[in-house]
Amino acid sequence: MESKSIDKNEYEISKSNIGDKFRKSLHLEHPSVEWRYGKPPTYESANQLFEQGRTKEWPEGSLEETVQNAIKSWQMEINNKARLQDFNTIDPHKFKLFVNGREGLSGEEVLRIGSFNSVLKSALPKEFQFYKAEEETHESAHNDFKTCFPRGFAWEVIEVYSPPPLIALKFRHWGFFEGPYKSYSPTGELVQFYGMATLKVDSLMKAEEVHIYYDPTELFGSILKGKKNIMDSELSKISDSSSASACPLFDTKK
C-alpha cells in the first residue's frame, strides 16, 4: 500500500492544532481576538526551557498545576492581546495588580504599559532607579527582555499555600542572559529570582486581585554583571540629554 506524503504546510498546521499544553486555551481562541503582533504567540522555546529547568513537576489536575497554568495563560494574554475584552483569565471590571505594596493598577493600565513595566515599576526616587518604567513602553520593554533572554524567561510554582478563592503561592522566574540588555553584554549565566503572590479569584478562576512581592535586585544584580559597552552607554546619554527620543536602545518592533 502506497503511503501518502505530508507536505510541510500540512505538517505545520497539524502541529499547531496540538496546542500548548501549559496554555491549553491558546489554540482555542476566537478568530475575533485582536493580537498585539498580528497572530497568536508560540512558546516552543520557552516551554523547552521550562521543562528542562523546572524544579517541580506537579501532578496533572493538581491545584499547583492548575494555578501554574492559569498564571502562564494570564502572562500570555497581557503580553500578546491588544484588548481587555478578549481576556479569559481575569475579571476586567474588578481586576487590580499590586506589586511590592505599590498602588494598584487596573487591567487597562497593565495592558497599556505591559507586564514588565507593571512589575518593574519602582517607588524609589528616579536617581536610584536602574529600570525607569516611565521611560519605557510595552513594546520597548518586551523587546529588551526578549533580546536579553532569547530562549524565554520561564516561570514555575514552587508551592501553593492556600486554595481558591484566595490563593497564596511561592514562585520562581528564570532564564539565561544570552543576549545584550541595553548597553550590557550577555554573560550566558542563569538569572533567576523568587517571589510570593496572592490571587483572589472567582468561581471560574478568573483573577480579581493579584498581589506580587519580590526583590528586583535579584534580577538586575545578575544583569548588571555583564560588561558595559561604553560606546552604547555614551550614545544613550546623548540621546537622553537631547530629549529627541524617549525610546531605549532596543526599541524595535517584534
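Here is a short conversation about how the labels on this predicted model are earned.

User: Before we start, what kind of model is this, and how are its residues numbered?

Analyst: This is a predicted model, in which local features need pLDDT of at least 70, side-chain atom pairs count only at pLDDT 80 or more, and totals for chains, interfaces and linings use all residues. Residues are numbered from 1 along each chain as its sequence is written, and side-chain values use heavy atoms, leaving out hydrogens and water.

User: What is the confidence along the chain, and where does pLDDT stay under 50?

Analyst: pLDDT is the predictor's confidence in each residue, from 0 to 100. Its mean over the chain is 85, and 83% of the residues reach 70 or more. Residues 1-17 stay under 50, and the model has five contacts (heavy atoms within 4.5 Å) for them beyond four places in sequence. Residues 233-254 are also below 50, with 28 contacts beyond near neighbours in sequence.

User: Why is the pair of Tyr181 and Phe220 called tilted?

Analyst: Rings of Phe, Tyr and Trp (its six-membered ring) pair if their centres lie within 6.5 Å; planes under 30 degrees apart count as stacked, over 60 as edge-to-face and the rest as tilted. By this rule there are 16 aromatic pairs. For Tyr181 and Phe220 the centres are 6.3 Å apart and the planes stand at 55°, so the pair is tilted. The two residues are 39 residues apart: Tyr181 is in the loop between β4 (166-176) and β5 (190-201), while Phe220 is in helix α6 (residues 217-223). Helices (H or I, at least four residues) and strands (E, at least two) are DSSP runs, numbered from the N terminus. Tyr181 and Phe220 also belong to one aromatic cluster with Phe116, Phe130, Tyr131, Phe145 and Tyr184.

User: How do you know that Lys72 sits over the ring of Phe22?

Analyst: The rule asks for NZ of Lys or CZ of Arg within 6 Å of the ring centre and within 35 degrees of the ring normal. The charged end of Lys72 is 5.9 Å from the centre of the Phe22 ring, and sits over that ring. Lys72 also lies over the face of Phe50, at 3.9 Å from the ring centre.

User: What makes Glu51 and Lys21 a salt bridge, and which parts does the pair tie together?

Analyst: A salt bridge needs a side-chain nitrogen of Lys or Arg within 4 Å of a carboxyl oxygen of Asp or Glu. Glu51 and Lys21 meet at 2.8 Å, N to O. Glu51 lies in helix α2 (residues 44-53) and Lys21 in the loop between α1 (8-17) and α2, so the pair ties together parts 30 residues apart in sequence. The structure holds 15 salt bridges, and one network of them links Glu29, Glu77 and Lys81.

User: Why is Asp86 called buried, and what is its salt-bridge partner Arg83 called?

Analyst: Buried means under 20% relative accessible area, exposed over 50%, partly exposed in between (1.4 Å probe, protein chains only). Asp86 has 9%, so Asp86 is buried. Arg83 has 24%, so Arg83 counts as partly exposed. Their closest N and O atoms are 3.0 Å apart.

User: How do you know that β3 and β4 pair?

Analyst: Two strands pair if DSSP finds at least two bridges between them. Strand β3 (residues 154-162) and β4 have seven bridges, in the antiparallel sense. Glu159 has Lys170 in β4 as its bridge partner, and a hairpin through three residues joins β3 to β4.
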